[in-house]
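Visitor: I would like to go through this fold piece by piece. Please show it first, and then I will ask about its parts.

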Amino acid sequence: MVKPKTAEEIELLRINGDLVSRTLAEVGKAVAPGVTTLELDRLAETFIRDHGAVPSFKGFDGFPNALCMSVNDVVVHGFPSDYVLKEGDIVSVDCGTFYKGYNGDSAYTFPVGEVSPETRKLLDVTKASLYKGMEQALDGHRSGDIGHAVQSYAESFGFSVVRELEGHGIGRKMHEDPGIPNYGKQGRGSRLQDGMTICIEPMICAGGRGVYVARNDWEIHTSDHKNAAHYELTVVVRKGKAEQLSTFSYIENDPSINI
């Protein structure tokens, strides 16, 4: 049985959620052709540590960096590197923090300069599918209601949903129960309760849903090497409307950030 979080725990998760949200915005300001993903990673780590937290991804199961930086056909878990971003790329930036015993986790996929119409559609649909899923994060619903909402929306545009990876609960541990898949049937899966804290994170592919793990045992690529997008928010399950603990508002209200 997954225990709902107390008000005090939710407040600490909210502080972390705010920090990951602001960190993603700082990274977004710097995303541009000619920048390396490792430069962006260093920027994020400095920002997180300057605010009294630590990057929770760094060292997690041996992961070497503060951010997961997943470019183009890398779905998630990409390593920051000397790769130089170029016009037309997309980059999923996944960020985690650890502060006062609790975690924050959020992700946003940024276009690099101008992207193709198909890629623009992929980004828009993936982000919208996240909000469709969030509408189902209600007391008494089930995880399958979230997954069904994400899947049915994304697939209605001809895109596909990664099945091997999913969202998750969050708290003192970065990954807690229940799992939150991005596909499923209504009325199936784990029952959601008021006060449960979860991360919803659609991973949507422009082509087929097949994926494979790279030789570094981390990076997940699309099998057909078509682009994939990834967005993630942390929310509290509520009776009337899910409560967001992380937000894209810092990104989307900043005119200097290319979205």
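Visitor: Which residues of α4 do V125, A128, S129, K132 and G133 in α3 meet?
Guide: This is a predicted model, and a contact here means heavy atoms within 4.5 Å. The residues of this contact divide into seven nonpolar, two polar and one charged. On the α4 side, those that meet the α3 residues are I146, A149, V150, Y153 and A154.

Visitor: Are α3 and α4 roughly parallel or antiparallel to each other?
Guide: The axes of α3 (residues 117-134) and α4 (residues 143-155) come within 8 Å and cross at roughly 150°. The crossing of α3 past α4 is right-handed. Angles over 145 degrees count as roughly antiparallel. The two helices are therefore roughly antiparallel.

Visitor: Which strands does α3 lie across?
Guide: These strands belong to an open sheet of five, in the order β8-β7-β9-β14-β15. Helix α3 runs at about 15° to β14. The strands that α3 lies across are β9, β14 (233-236) and β15.

Visitor: Which strands stand at the edges of that sheet, and why is one side of each left without a neighbour?
Guide: Pairing in the five-stranded sheet is antiparallel. Each edge strand has a single partner strand, so one of its sides has no neighbour in the sheet. The edge strands are β8 and β15 (243-244).

Visitor: What is the bridge partner of G169 in β9?
Guide: Strand β7 (residues 167-169) is joined to strand β9 (residues 197-200) by two bridges. These two strands run antiparallel. In β9, the partner of G169 is I198.

Visitor: Which residue of β8 stands opposite G167?
Guide: Two bridges also pair β7 with β8, again in the antiparallel sense. The connection from β7 to β8 is a hairpin through six residues. Opposite G167, in β8, stands I180.

Visitor: Which residues are joined by a cis peptide bond?
Guide: Omega is about 5° at this bond. One of the two residues, P178, has its place in strand β8. The residues joined by the cis bond are D177 and P178.

Visitor: How many residues apart in sequence are the parts that K5 and E176 tie together?
Guide: K5 forms a salt bridge with E176, with the closest N and O atoms 3.1 Å apart. The count of salt bridges comes to twelve, taking a cut-off of 4 Å between nitrogen and oxygen. K5 lies in the segment before α1 (7-30) and E176 in strand β8 (residues 176-180), so the pair links parts whose separation in sequence is 171 residues.

Visitor: What is the order of the strands in the open sheet of three?
Guide: The pairing in this sheet is antiparallel. Its edge strands, β3 (74-76) and β11 (211-213), each pair on one side only. From one strand to the next, the twist averages 40°. The order is β3-β12-β11.

Visitor: Which residue in β12 does V74 stand opposite?
Guide: Strand β3 pairs with strand β12 (residues 220-222) over two bridges. The sense of that pairing is antiparallel. The residue opposite V74 is H221.

Visitor: Which residue has a positive phi although it is not a glycine?
Guide: The residue lies in the loop between β3 and β4 (90-99). Its phi is about 65°. The residue is H77.

Definitions and conventions
Residues numbered from 1 in each chain as written. Predicted model: local features only at pLDDT ≥ 70, side-chain atom pairs only at ≥ 80, totals over all residues. Heavy atoms only, no water. Pairing = 2+ DSSP bridges. Helix = DSSP H or I, 4+ residues; strand = E, 2+ residues; numbered from the N terminus. Axes fitted to C-alpha atoms, helices over the stretch in contact; angles between N-to-C directions. Parallel < 35°, antiparallel > 145°, perpendicular 65-115°, else oblique. Left-handed = near helix turned anticlockwise from the far one by under 90°. Nonpolar A, V, L, I, M, F, W, Y, C, P; charged D, E, K, R; others polar. Salt bridge = Lys/Arg side-chain N within 4 Å of Asp/Glu carboxyl O.
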